[in-house]
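Subject: A structure for you to explore

Hello,

Here is the structure I promised to pass on to you. Please open it next to this email, and then read on for what turned up.

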Amino acid sequence: MKSRSTLATWLSELDGSRLARVLTIRRDAASSPEPRSVGELADRLQRPGSVALVLPQLTLPCLQAAEALAALGARATRDSLAELLGSTSPAAVHALDTTLEALSDRALVWPDGNETLRMPAHLRQAWSTPLGLDAPLEELLSSTTSEELRGMLAVLGIKPPGTEQQRLAALVEHHSDTERVAALVAVAPAATRKLLEHSSRFTPSPSLFVLFGAPGRDVQPGAGWALDRGLLLQDRHRYGPVRMPVEVALALRGPDWHAPFEPLPPVTQMVPITSSEVEREAAVAATAFAAHAASVLSACATAPPARLKSGGIGARELARLGKAAQADDAVVRIALETAYAAGLLARDGDRVPPTEAYDAWAEQEPAEQLTVLLRAWRDLPLTPTRARDEDDKVLPALAGAPDCGGCLQARHGLLTAAAGLPVGQGVKVASELGPLVAWHRPLADDASPQDTAPFSTVIREGELLGVLARGRLSPLGAHLAAHADEELGITARRLLPPATTTARIGADLTAVVTGTPSARLAALLDSMADRETSGTASVWRFSSRSIRRALDAGRSPDDMTADLMAGSVTALPQPLAYLIADTARGHGRVRVAPAACVIHGDEPALLAELAAHRALAKLALRQLAPTVLVTGSPPATTLAALRAAGYAPVAESAGGTVCIERRLPQRAAAVPPPRKKVGRRGPWTAATRASDLPADAGMEALAERLLKAPSTAPEAEPFGSGVPFATDTEEIVAGYAKHLSYSEVRQVAHAIDTGAAITVEYIATSGARTARTLSDLELDPPYLHAWCHLREAERVFTLSRIHGVMPA
């Protein structure tokens, strides 16, 4: 059979449909530009980044099979893999073939001509000790000399062959026979047997330190006997821990031990469910979410939420949006995160207002609006409803946290797990989908403090959006999982009713809208009434306060009555008409006008003359009474203008007394002593001071020294010493970390520039004070990305919340 040891050769021998399937599944590595050859495609598929992208998408049996192949090493075959996994029954053999087919579709495993299973080196390196097993014997003996191999064979009673390769092959053949290894260990000393049994179950980690000198031969009691026979191996200089080859470990674990392999998903309790029941419940949830999301974004358009200094929208603003939209915190968070991901919201300074795309979105039907948000939710690199951190502190929304690949895979795993349920059946309890998600995406990480069961947070999100209903995937979720965006829009239009353009206004001063109100109707009612409920049916209540709000916005009583009559299915109730008329009658009876100062006197004719004087037109004088004028100009400007026009006004205090204008004598301020500049970048050094020149130096020497000096002085640090910043990083950190001294600023900047670790005193958004040791710092003003040793994860810190710095 022709050898197919390389991935490129294997790909070249695939038929067109199979190759297209591989490319479709591995579109992450086979993206544009198109590969010019199969060899170039194979190189892309074997890149480290390509393996890292596809690994989290594997199911549990695929990961288990891949780990077992990594443990078997380069000589792994399908039969040896089946024996290791215990897949010898017909059903298990079929399951293993299906698993290997899935791995080969991702170009992670392929066969060569000798029935050996190959895998990319980067995938093999994903496990340092796969299955708790060390490297194969051949790899561990790579640095062993021919003489050392001869000694091992002699102790085993095997006549050593002539060449080094032959001796190595003979030793590998002996140790690959499980019966001979078991018989050899049976006659070993008791201490050696105990050490070998322990080493077969636990692989020691490599030592972090190399000690000088020559350690003794027996690093552990009984190790010498095993080292002489190649059952345990160690560096030829006896450094580091003893290591057990994988062949020996498998022989000692016995024929009854098998690597874990779960080819079938976990069994869950199922109940029969009809498609109409699923559609009905999904339609209700999706309609309610679409209405709530539209209300949340409408509230953002009316009053854009403010951002915290540390970034994100805090609990107070979230509560305000929830109250305005009559939605709970989870719905508000999903609406904000999905709208931001879809480009409907954007950060603008310290606010998060809607974008121009929001205006077009708001005019669409609820089905189109929901489709946009569902597509954004599917690809969110975070879990939007995760409201608390590991310390049970409230997390802000839109905080710009680092992408969470585990969160994305948890969502995709949920869609895949629910799509695989039998037709006409759903799980009895939605939380039972969690083990299925863990089977489909074992590397997904969606742990949240508020989770009551595995993946309960993302499951609840699916129910709120109408993606899950009655314990199974809804038609919306099925199209979402298949990335069928066109079919998703069609199904959404079938399940969700169109926007409601009219309301039913009752005599109790309420307006009820069934379904999702149109953007125009919602804006009309929001301007004249207060929203009380929202969802499948929305209720607004009219009051004198809400009517006054509309009048303040410039609406006239006639326009308000006409617009409400046009948007009502019935005639306008008499109580509402009376409320509008009564509120409008008292509106504006008292007026408030801006004024910087007031001009008054006892002579009406004189004040009328001032109001009509052409030279005082720039003051824009306005006569409120025969003896009172107001102007928007400040008192000093008004006094100067009146005096310039030939009048003699006097100034009054706020209490009505005349102000005495006394001119104080002007004196020169004391000249401060010059401060010494000691900055490393400072241009004002001895090279630029004329006082440092010799007394007989001429103008040419002075000019030459001045020309050599920098043209501008660096900005000095703002801590009073006058010392300029040594680096740009110091200047940036000092601009945001207002609570740090100059020495602490320099420590932070030094850690950023050199990659050193530091310990900071940090104030969380909740006010809790913690000490965090940070490394791998990356500056992204006003944030600092770093590896947090307390959380053992990457975190984002706000510079303004760092209150102290200590050495790590």
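Let's begin with one residue: arginine 555 is partly exposed, since its relative accessible area is 22%, and the cut-off for buried is under 20%. Please keep in mind that this is a predicted model. The side chain of arginine 555 meets that of aspartate 563 in a salt bridge, with 2.3 Å from N to O. Aspartate 563 also counts as partly exposed, at 24% relative accessibility.

Why would two such side chains pair up at all? Side chains of opposite charge can pair when their charged atoms come close.

The structure holds 21 salt bridges, and here are some others to look at. Arginine 531 pairs with aspartate 526, and their closest N and O atoms are 3.3 Å apart. Is arginine 531 buried or exposed? Arginine 531 is buried, with a relative accessible area of 11%. Its partner aspartate 526 is partly exposed, with a value of 25%.

Glutamate 761 and arginine 769 form another salt bridge, at 2.5 Å from N to O. Here glutamate 761 is partly exposed at 26% relative accessibility, while arginine 769 counts as exposed at 53%. There is also a network: Arg78, Asp79 and Asp97 are joined by salt bridges that share partners.

Now for the whole protein. How many helices and strands does the protein have? The secondary structure comes to 34 helices and 18 strands. Of the 808 residues, 42% are buried. If you take contacts between residues at least 6 apart in sequence, 61% of them join residues at least 24 apart. The accessible surface comes to about 42200 Å², and carbon and sulfur atoms account for 55% of that.

A good place to look at burial is helix H15, which spans residues 246-253. This helix is mostly covered, with seven of its eight residues buried. Those buried residues are Val246, Glu247, Val248, Ala249, Ala251, Leu252 and Arg253. What covers them? The cover includes helix H5 (60-72), helix H9 (137-140), helix H11 (164-175), helix H12 (178-186) and helix H13 (190-201). Try showing these helices together with H15 on your screen. Just after H15 comes glycine 254, which takes a positive phi of about 95 degrees.

Two surface patches are worth finding as well. Which residues form the negative patch? Asp776, Glu778, Asp780 and Glu794 form it. Strand S15 (residues 769-780) gives the largest share of this patch, three residues. Glutamate 778 is found in that strand, and this glutamate is exposed because its relative accessible area is 52%, where exposed means over 50%.

The other patch is nonpolar: Val650, Val658 and Ile660 make up about 320 Å² of surface there. Isoleucine 660 lies in the loop between helix H31 (635-644) and helix H32 (699-708). Isoleucine 660 is exposed too, with a relative accessible area of 70%.

If you want a starting point, try the pair of aspartate 563 and arginine 555, whose side chains meet in a salt bridge. After that, you could turn to H15 and the helices that cover its buried residues, H5 and H13 among them.

Have fun exploring, and write back with any questions.

Best wishes

Definitions and conventions. Residues are numbered from 1 along each chain as its sequence is written. This is a predicted model: local features need pLDDT of at least 70, side-chain atom pairs count only at pLDDT 80 or more; totals for chains, interfaces and linings use all residues. Side-chain values use heavy atoms; hydrogens and water are left out. Patches are made of residues with over 30% relative accessible area and no salt bridge: like charges are joined within 9 Å, nonpolar side chains (Val, Leu, Ile, Met, Phe, Trp, Tyr) within 5 Å. Accessible areas come from the Shrake-Rupley method with a 1.4 Å probe; for residues, only the protein chains shown count as cover. A salt bridge is a side-chain nitrogen of Lys or Arg within 4 Å of a carboxyl oxygen of Asp or Glu. Lys and Arg count as positive and Asp and Glu as negative; His and the chain ends are not counted. The place of a charge is taken as NZ of Lys, CZ of Arg, CG of Asp or CD of Glu. Helices (H or I, at least four residues) and strands (E, at least two) are DSSP runs, numbered from the N terminus. Buried means under 20% relative accessible area, exposed over 50%, partly exposed in between (1.4 Å probe, protein chains only). Contact means heavy atoms within 4.5 Å.
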